[in-house]
Amino acid sequence: MRATEHNETVTIVGAGLVGSLLAVELARQGYSVEVLERRPDMRREVIDAGRSINLAISTRGLYALRQQGLEEEALRHAIPMRGRMIHPPKGSLVYQPYGKDDSQHINSLSRAWLNKFLMSAAEESGRVRFRYRQRVTHLDAKTGVLTVVDEATGEERREEGRVVFGTDGSGSAVRQALEQVQGFESTQEQLGHGYKELTIPAGPGGAFQMEKHALHIWPRGTYMLIALPNEDGSFTCTLFLPWKGPVSFESLDTPARLEAFFEEQFADAKALIPDLTEAFFARPTGSMVTVKCAPWHAGGKAVVLGDAAHAIVPFFGQGMNCGFEDVTVFNRLLAEHGSWESLFGALEKLRKTNSDAIADMAVENFIEMRDSTGNPRFLLEKAVEKV
Ligand code: FAD
């Protein structure tokens, strides 16, 4: 059945951050792993890594990497952020350290780098086979038989029933299949805000144009700009804005309106983003969703982890960290359980309450920021103390 036999092949759907880390762990435990990923191999083709360009990895995420001997290399590519740098609408910057000393910090890391690193680590085990451009469209939760579409040829095929790990993100096809399980329930709540990524390029000689070791925040009530540093001296800025309303993605519909808005609200950032208008109108606008579901598994045939089980809006920077912690707990349970079904049940029991709580806190933080517009001082304090 598992662990000690070392001859079982399992399937992972989705080679994102959580799926790739899980592949490393399953291979380390002696399983043969096949990973089906709908996108091309990002190590060979230049593709958008999806979601944010960089992200903050904190203790729980780093701990999961440490279990696989991957933390040190990841930290070599990370930039410690030792505090928040608040950019008020007017006046001087305010720096708020995260802790009493520099050891307390979070880290900015490139999503694409981390994903490629984890895929390569999985492959180096010799037990993991990634198959790209393979989109799972259906799973029979009773038999584990998958329906897969080859995105290159358009051909549809069925794959034999193995144990399936669904790490296919917030729109998970594996989670949809769990609807076949009696009593399954799931909720998906879209935020009324979207996000847009913009870039502050490196200065001459690769110099950082703002404080390197900080998470920069421009809190403005119904909207907010943040910026995280990248290894090459640039910063990735993320603008969170309502979809509709007086100041929204809908209202900022001309270059003149956009420029005026940035000049009024984010003048210092605007001065550092030379392609503001071009990038704003060319780049996609992302949406954010909270997903909760139960059960996380169909007997011992399939289970969901990461965003597939619990998508979290990014206002605490905890989605990936939480997904990595699923893998940490999974590792521990592997040694303790004799069947996939009991292991998956235990995983859900240990993780669901925590991940739902973080998801709620992330939304509460967002609502607090959104609703505090009448009191700029309160707003500023509340908005910054949690990011
Ligand atoms: P994903 O990263 O979504 O990966 C899913 C993979 O499955 C993808 O490769 C996809 O192509 C593939 N896939 C999907 N459907 C199928 C299918 N049907 N068949 C085959 N393959 C499929 N988290 C943090 O911890 N820190 C942060 O700072 C942070 N910042 C964020 C900023 C923003 C703007 C956003 C939107 C999110 C942020 N997050 C952050 C959350 C983080 O991005 C997610 O929690 C994380 O990506 C989840 O990883 P995952 O592997 O579960 O899912």
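## Two domains and a ligand between them

The centres of domain 1 and domain 2, taken over C-alpha atoms, are 29 Å apart. This is a predicted model. Neither domain is one unbroken stretch of chain: domain 1 covers 9-81 + 105-188 + 289-366, and domain 2 covers 191-286 + 369-385.

**Where the domains touch**

The contact draws 14 residues from domain 1 and 15 residues from domain 2. On the domain 1 side, four elements each supply at least two residues: β3, β4 (79-81), β7 (106-110) and α11 (340-371). β4 gives the most to this side, with three residues. By class, the side of domain 1 that touches domain 2 has seven nonpolar, six polar and one charged residues.

**A three-stranded sheet**

Three of these names return in a sheet. Its strand order is β3-β7-β4, it is open, and the pairing is antiparallel. Why is one side of β3 and of β4 left without a neighbour in the sheet? Both strands stand at the edges and have a single partner strand each, so one side of each has no neighbour there. From one strand to the next, the twist averages 35 degrees.

The β4 and β7 pairing is antiparallel and runs over three bridges. Within it, I79 has S108 in β7 as its bridge partner. Helix α4 (residues 111-124) packs on the sheet. This helix touches β3 and β7, and its direction makes about 75 degrees with that of β7.

**Around the ligand**

Now to the ligand. It is surrounded by 36 residues, and the closest are G14, G16, G169, G306 and G319. Several elements give two or more residues to this shell: α1 (17-28), β3 (54-57), β9 (134-139), β17 (286-294), α9 (307-310) and α10 (319-336). The largest share, four residues, comes from α10. β3 thus appears in both settings: β3 gives residues to the shell around the ligand and to the side of domain 1 that touches domain 2.

Where does the ligand lie with respect to domain 1 and domain 2? Both domains give residues to the shell, so the ligand lies between them.

The table sets out two groups of residues by class.

| Group | Nonpolar | Polar | Charged |
|---|---|---|---|
| Shell around the ligand | 14 residues | 15 residues | seven residues |
| Side of domain 1 that touches domain 2 | seven residues | six residues | one residue |

Conventions:
Residues numbered from 1 in each chain as written. Predicted model: local features only at pLDDT ≥ 70, side-chain atom pairs only at ≥ 80, totals over all residues. Near = placed C-beta within 6 Å. Nonpolar A, V, L, I, M, F, W, Y, C, P; charged D, E, K, R; others polar. Domains from an automatic or database assignment. Contact = placed C-beta atoms within 7 Å. Pairing = 2+ DSSP bridges. Axes fitted to C-alpha atoms, helices over the stretch in contact; angles between N-to-C directions.
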